[in-house]
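Q: I would like some help in reading a protein structure. Could we go through it step by step?

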Amino acid sequence: MRKFLFLCLMASVLVHAQHKNVSIDRFEAVLKNTSGWIMVYSDSGLAGYLDANGNEIVPPIYASIGVFGEYQDNWAKVQSEDGHIGFIDEEGDLIVEAKYDEIGKFGDYKENWALVSVDNKYGFIDNEGNEIVKPVYAEIPLKRHSN
């Protein structure tokens, strides 16, 4: 029965995607979703999540929701309707406000830090979601950290 429901859900997602011209990134997030949550979309195409009981965990307010664990354990990258990026956790809580134009991978510059940018200015957030260095710098050249 679960397989049947899953296949029905996937068919529904595919039909919705063809109708709304949804990108393949949405399918990757649905297929790689290990939380057991169900991705839902509003009439305007914004994404959110329901839990296995049908309770809304993440309201459909994001243009896209990435795969949990891609950037940071138990976090998924979210993109707001205006294109800004942040993170939610596996509880559905907002960890990093969707206010950045770009967010790099954690550890590229310093262990547990990720480069962020806003309006072509750069700074850093840490792996707890805190803004460690405000994005005020025109350039931060990549120099790999040493362990």
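A: Certainly. Please note that this is a predicted model. One term is needed at the outset: two strands pair if DSSP finds at least two bridges between them. With that in mind, an open sheet of 6 strands has the order β1-β2-β3-β4-β5-β6, and its pairing is antiparallel.

Q: Which strands are at the edges of this sheet?
A: The edge strands are β1, residues 38–41, and β6, residues 94–100. Each of these pairs on one side only.

Q: By what angle are neighbouring strands of this sheet turned against each other?
A: On average, the angle is 35°, with direction ignored.

Q: And what holds strands together in general?
A: Strands of a sheet pair through backbone hydrogen bonds, and they do so either parallel or antiparallel.

Q: How many bridges join β4 to β5?
A: Strand β4, residues 75–80, is joined to strand β5, residues 85–89, by 5 bridges. The two strands run antiparallel. As an example, Ala76 has Ile88 in β5 as its bridge partner.

Q: Let us step back. How many helices and strands does the chain have?
A: The protein chain has 2 helices and 10 strands. From the N terminus on, its elements run α-α-β-β-β-β-β-β-β-β-β-β.

Q: Where do the later strands go, then?
A: An open sheet in the order β7-β8-β9-β10 is formed by 4 strands, again with antiparallel pairing. Its edge strands are β7 (102–103) and β10 (131–137), each of which pairs on one side only. Between β9 and β10 there are 3 bridges, in the antiparallel sense. Phe124 stands opposite Val133 in β10.

Q: Back to the beginning of the first sheet. How many bridges join β1 to β2?
A: There are 4 bridges between β1 and β2, and these strands run antiparallel. One of the residues involved is Ile38, whose bridge partner in β2 is Leu50. The hairpin of β1 and β2 has 5 residues between the strands, and in this hairpin Gly45 takes a positive phi near 90°.

Q: Is Ile38 buried, partly exposed or exposed?
A: Ile38, which lies in strand β1, has a relative accessibility of 30%, so it counts as partly exposed. The range for that class lies between the 20% and 50% cut-offs. The C-alpha atoms of Ile38 and Ala52 are separated by 7.1 Å, although these residues are 14 residues apart along the chain.

Q: Which way do the side chains of β1 point?
A: They alternate along the strand. Met39 and Tyr41 point to one face and are buried, whereas Ile38 and Val40 point to the other and are not buried.

Q: What about the loop after that strand?
A: Ser42 lies in the loop between β1 and β2. Ser42 counts as buried because its relative accessibility is 19%, and buried means under 20%. The side chain of Ser42 also makes a polar contact with the side chain of Ser44, at 3.0 Å.

Q: Which residues make up the largest nonpolar core?
A: That core has 12 residues in all: Trp37, Met39, Tyr41, Ala47, Tyr49, Val58, Tyr62, Ile65, Phe68, Ala76, Val78 and Ile88. At least two residues of this core come from each of β1, β2 (47–50), β3 (56–65) and β4. Strand β3 gives the most, with 3 residues. Apart from this core lies another, of 11 residues, including Tyr71, Tyr100, Phe106 and Val116.

Q: What does Ala47 touch?
A: Not counting residues up to four places away in sequence, Ala47 touches Met39, Val40, Tyr41, Pro59, Pro60, Ile61, Tyr62 and Ile65.

Q: A different place now: where is Asp119 found?
A: Asp119 is found in the loop between β8 (113–118) and β9 (121–126). Its relative accessibility is 62%, and therefore Asp119 counts as exposed. Asp119 and Tyr100 are 19 residues apart along the chain, and their C-alpha atoms are separated by 8.5 Å.

Q: Finally, what share of the whole chain is buried?
A: Of the 147 residues in the protein chain, 37% are buried. The chain exposes about 9,200 Å², and carbon and sulfur atoms supply 49% of that area. Among contacts between residues at least 6 apart in sequence, 22% join residues at least 24 apart.

Terms used
Residues are numbered from 1 along each chain as its sequence is written. This is a predicted model: local features need pLDDT of at least 70, side-chain atom pairs count only at pLDDT 80 or more; totals for chains, interfaces and linings use all residues. Side-chain values use heavy atoms; hydrogens and water are left out. Axes are lines fitted to C-alpha atoms, for helices over the stretch in contact, and angles run from 0 to 180 degrees between N-to-C directions. Buried means under 20% relative accessible area, exposed over 50%, partly exposed in between (1.4 Å probe, protein chains only). Contact means heavy atoms within 4.5 Å. Accessible areas come from the Shrake-Rupley method with a 1.4 Å probe; for residues, only the protein chains shown count as cover. A nonpolar core is a set of buried Ala, Val, Leu, Ile, Met, Phe, Trp, Tyr and Cys residues joined through side-chain atoms within 4.5 Å. A polar contact is a pair of N or O atoms within 3.5 Å; within protein, one must be able to donate a hydrogen and the other to accept it, and residues adjacent in sequence count only if both atoms are side-chain atoms.
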